[in-house]
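Open the model in a viewer and keep the selection panel at hand. The stops below say what to select next and what is there.

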Amino acid sequence: MTQERPILTLENVSMSWPRPGGGTVEALTKTGLEVRAGDCCVVRGPSGSGKTTLLLIAGGLLQPSTGSRSIHGTVGFIFQTLELLPYLDIRENVRLGLPADGARERVEELLERLGLADRARHRPWQLSTGECQRVATARALASSPGLLVADEPTGNLDEENARIVHEALAHHASEGGAVLVATHGSVQALGMTRSLELLAGALTEQEVAT
Ligand code: ADP
Ligand code: MG
């Protein structure tokens, strides 16, 4: 596995945001990171430490101020704000962006895995926060992305919902995907294989006890 080329490589990546009124905020400083197939990485750090900035850059949604990013494969994203479409039902939200034919089984499998099978015809506004979070997880996984990026996907979740989401992420990595998930919770995050920490824009990695 380690011989394979990384799915994601960040080299010397920095991000400076303009500070209103002048100057800059250094949200990320000289960050290097390689993420490979099978890696399930948790990124921890206090609010404002640069987690969202790192994830947006990793996912290709934000261009860093300096440094380079390369990716082999596709990216799936679970947004902190979920971004479910209110006028589509749950099944349609999960199917969004998939080819019209052939994806049926995958969608039903994910609805099942995330405990949503009996909510498939509901609209997002008819579900609880935890259920919506699971829909966003299913949708991000539907296309089997090479890299799944998740920004605090269990932030507002009770233990049971958090467990279901973490299990789905770990399962994705076990199937050969890669996962980058930000949290400000404890490292209790199930099935994580790598532990990264951000403090004021500086990224470090800790050993994960196995
Ligand atoms: P986290 O996700 O860990 O809470 P963020 O990546 O959102 O941290 O933010 C890191 C730092 O960058 C914070 O100090 C924040 O205020 C600043 N920042 C984030 N986005 C912007 C932006 N669009 N404009 C200016 N500053 C920003
Ligand atoms: Mg954030």
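Start with helix α4, residues 129–142, which is mostly covered: 13 of its 14 residues are buried, where buried means under 20% relative accessible area, exposed over 50% and partly exposed in between, with a 1.4 Å probe and protein chains only. Helices here are DSSP runs of H or I with at least four residues, strands are runs of E with at least two, and both are numbered from the N terminus.

This is a predicted model, in which local features need pLDDT of at least 70 and side-chain atom pairs count only at pLDDT 80 or more, while totals for chains, interfaces and linings use all residues. Residues are numbered from 1 along each chain as its sequence is written, chains are lettered from A and ligands numbered from 1 in the order in which they are written, and side-chain values use heavy atoms, with hydrogens and water left out.

**Helices α4 and α3**

Stay on α4 and check its length. At 1.5 Å a residue its 14 residues should span 20 Å, and its end C-alpha atoms are 20 Å apart, which agrees; the expected span is 1.5 Å times one less than the number of residues. Ser144, which follows α4, has a positive phi near 45°.

Next select α3 (104–113). Which residues of α3 are buried? They are Arg106, Val107, Leu110 and Leu111. Viewed down the axis of α3, these buried residues fall within an arc of 135°, so they line one face of the helix; the arc is that of the directions from the helix axis to the C-beta atoms. The buried residues of α3 pack against α2 (90–95) and α4, with contact meaning heavy atoms within 4.5 Å. Turn to the face away from the buried side, and the exposed residues Arg104, Glu105 and Glu112 are there. Just after α3, Gly115 takes a positive phi of about 65°.

**Arg123 in the loop**

Select Arg123, in the loop between α3 and α4. Arg123 counts as partly exposed, at 31% relative accessibility. Not counting residues up to four places away in sequence, Arg123 touches Pro86, Tyr87, Leu88, Asp89 and Ile90. A polar atom of the Arg123 side chain lies 3.4 Å from the backbone oxygen of Tyr87. This is a polar contact: a pair of N or O atoms within 3.5 Å, where within protein one must be able to donate a hydrogen and the other to accept it, and residues adjacent in sequence count only if both atoms are side-chain atoms. For a distance check, the C-alpha atoms of Arg123 and Cys41 are separated by 31 Å, with their positions 82 residues apart along the chain.

**The six-stranded sheet**

Now select the open sheet of six strands, in the order β5-β6-β7-β3-β8-β9, with mixed pairing. Two strands pair if DSSP finds at least two bridges between them. At the edges stand β5 (75–78) and β9 (202–206), each with a single partner strand, so one side of each is left without a neighbour in the sheet. The twist averages 20° from one strand to the next.

Take β3 (residues 40–44) as the reference. β3 pairs with β7 (residues 178–183) in the parallel sense over five bridges, and Arg44 stands opposite Thr183 in β7. Four bridges join β3 to β8 (residues 194–199), also running parallel, and Val42 stands opposite Ser195 in β8. β8 and β9 pair in the antiparallel sense over five bridges. In their hairpin, which has two residues between the strands, Ala200 takes a positive phi near 45°.

Add helix α5 (residues 159–174), which lies across β3, β5, β6 (147–151) and β7, at about 155° to β7. Axes are lines fitted to C-alpha atoms, for helices over the stretch in contact, and angles run from 0 to 180 degrees between N-to-C directions.

**The three-stranded sheet**

Before this sheet, select Arg36, in the loop between β2 (24–35) and β3. Is Arg36 buried or exposed? Arg36 is buried, with a relative accessible area of 18%. Its side chain and that of Glu34 are joined by a polar contact of 2.9 Å.

Finally select the open sheet of three strands, ordered β2-β1-β4 with antiparallel pairing. Eight bridges join β1 (residues 8–18) to β2, and Met15 stands opposite Leu28 in β2. Helix α1 (residues 51–58) lies across β1, β2 and β4, at about 130° to β1.
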